[in-house]
Amino acid sequence: MNPSVYPVAIFFAAIFTNNILLTNYLGMCSFLSVSREIKTSLGLGAAVIFVMAVTSALNWIVYEYILIPLDLTYLRYIVFIIVIAAFVQIVEMIIERVSETLYAALGIFLPLITVNCAILGASLFMVIRQYNFLSSFMYGFGSGIGWSIAILAMAGIRQKLKNAKIPRGLEGAGITLIITGMMALAFIGFTGMIKIS
Amino acid sequence: MFPVTTLLISVGAITAVSTFLAILMVIADATIANYGEVKIKINDDKELTVDGGRPLLSTLMGEGIFIPSACGGRGSCGLCKVKVTSGAGQYLPTELPWISEEERAENIRLSCQVKVKNDLEIWIPEELFYVKEFKAKVARIRDLTHDIKEITLKLVEPPEIQYKAGQFIQLQIPEYELTEEPVYRAYSMSSCPCKRDTVELEIRYVPNGISTTYIHKYLKEGDDVIFNGPYGEFYLRNTERDIVFIAGGSGMAPIKSILLDMAEKGINRKAMYFFGARSKRDLFLVEEMHEIEKKLPNFRFIPALSAPLPEDNWEGETGLITDVVDKYLESGDNVEAYLCGSPGMIDACVKVLTANGVPEELIYYDKFG
């Protein structure tokens, strides 16, 4: 593949063929608990896209210029988490200060995703797959969009489910996990469309 | 590379990264999240100057004002509602599940979600100024009748309580056989508000009642208890009208408190206190009531038994409490009434009082279901 289009390919792959939620099953807790309504899912999705894209880029810089030169790559788990947590905190403060509307729509979801494993997952994958800076950013951005598409689809399905008769034992998380499985199966259909290493 | 150097480098690197981020956070906290001093105006009367940037609930708590809240500010109980008329901004998605359309129209907010960022104007019930959580020790338990106990609580922390006679507290019942988690039950205080360091409760045993079973069968002298309060609108109004008190059973408690308060302050308004019981074994504190009669010449205590036993040798009033009230009450025009007892008794008494001309809005009561 032409190296110049590679970041774009990674972007689309992260959305469809390598969807972080549906192929790696990461970020499940907030996915299960917030997917009840489309509106809140949209807010959380937007927050995840933003945080994932920026933290992937940030963590790439930290990894490339601090951890590799010092031969401390095994510390990446701790360092990445600290960077994500601090970043999310500061962004929340800024949003709260700057725009009330933005805070109401997006800000309140930020503390929720500090501990979202998909965000850490994206940073770790970018390291494992040895992406460069641009690819890392595109990968984080795409993964965020992929995660948001998945939670939006689930919210849509769950709103329909409100009128469905569900066996009592499966109500709530049970039926959601089964549907997530089906969605993951459906996404297998994208396999082979884009190949990334 | 020696392992020691590796160790030092890794510790140093983590420390450096964390320190850098921590400094960044501290700077952000002091600049971006620093809203300076803001003013909170309460009930168009009191004004507090506080540091901005924290939720309203905890800011108020820091100022000693306790808004009832069960979840402690996580936005999951919906209890900490406060009316905010200016400065709170728009509703957050975390508040909306708890706020009804009518409450939105009135600017009712969840105080744990509203951040104090600029000057606020809020409205909270007056009594909440004095609501606190108290730690206390059971100083004494005594039997008033075969099924009513008087519990005396000595306050530990804070050491004093301020309340209006007739108000109630919420007593915490810890988890035990009948309950899996601590529950709160409301009980009127029967002691004089002038005794700042103690609180007395009169609690009647209800078979299988979670709280009363605990108090009657488990609670011992010397035990620690927790309660919060005071709450309630049941207190003596400052008027010149004649007073009619009516109570049954443990409904004695708030009225005894009001009477002790009147005796203490020398409020010598014309007052009658009708107390209903089945037989003599359900009567209690008669001596104390006659003591108050001596201090307040215009006060009369009228106990009535609905079913006196032959061995009671009862010479006082007999019959239903409503009939006795009807008999004594000449005209209700200049009367205000305070009732405490079972819902059935209250409903019946309200009927008799209004039939005698007592204005319905001047009949105050605490219903104990």
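Is Cys192(B) buried or exposed? I looked this up before anything else in the predicted model. Cys192(B) has 5% relative accessibility, so I put it down as buried.

**Disulfide**

I then looked for the partner of Cys192(B). Cys192(B) is joined to Cys194(B) by a disulfide, with 2.3 Å from S to S. Across all chains I count 1 disulfide. Which hand does the bond between Cys192(B) and Cys194(B) have? The torsion about the S-S bond is about 130 degrees, so I noted the disulfide as right-handed. Cys194(B) has a relative accessible area of 39% and is partly exposed, whereas Cys192(B) is buried.

**Cysteines checked for a bond**

I asked why Cys117(A) is not bonded to Cys29(A). The sulfur of Cys29(A) is the closest cysteine sulfur to that of Cys117(A), but it lies 5.0 Å away, which is too far for a bond. A disulfide here needs the two sulfur atoms within 2.5 Å. Cys117(A) is partly exposed, at 31% relative accessibility. Next I checked Cys80(B), which takes part in no disulfide; its nearest cysteine sulfur belongs to Cys112(B), 3.7 Å away. With a relative accessible area of 2%, Cys80(B) is buried.

**Strand β6 of chain B**

I followed strand β6(B), residues 132-143, to its partners. Strand β11(B), residues 224-231, runs antiparallel to β6(B) and is joined to it by 6 bridges. In this pair I found Lys132(B) opposite Gly229(B). β6(B) also pairs with strand β7(B), residues 148-157, in the antiparallel sense over 8 bridges. There Ala136(B) stands opposite Leu155(B). How many residues does the hairpin between β6(B) and β7(B) pass through? I noted 4 residues for that hairpin.

**Nonpolar cores**

Last I looked at the cores. The largest nonpolar core has 67 residues, and the members that touch the most others are Ile20(A), Phe31(A), Leu110(A), Tyr139(A) and Trp147(A). Which helix gives the most to this core? Helix α4 of chain A, residues 76-98, does so with 11 residues. I recorded the general point that nonpolar side chains tend to be buried together in soluble globular proteins.

I took Trp147(A) as the residue to list contacts for, leaving out residues up to four places away in sequence. Its contacts include Ile20(A) and Phe31(A), as well as Leu21(A), Leu26(A), Leu44(A) and Val48(A). Also among them are Asn19(A), Ser30(A) and Asn116(A).

A second core, separate from the largest one, has 31 residues. I noted Ile243(B), Phe245(B), Ile258(B) and Phe284(B) among its members.

Terms used. Residues numbered from 1 in each chain as written. Chains lettered and ligands numbered in written order. Predicted model: local features only at pLDDT ≥ 70, side-chain atom pairs only at ≥ 80, totals over all residues. Heavy atoms only, no water. Buried < 20%, exposed > 50% of the residue type's maximum accessible area, 1.4 Å probe, protein only. Pairing = 2+ DSSP bridges. Helix = DSSP H or I, 4+ residues; strand = E, 2+ residues; numbered from the N terminus. Core = buried A, V, L, I, M, F, W, Y, C linked by side-chain atoms within 4.5 Å. Contact = heavy atoms within 4.5 Å.
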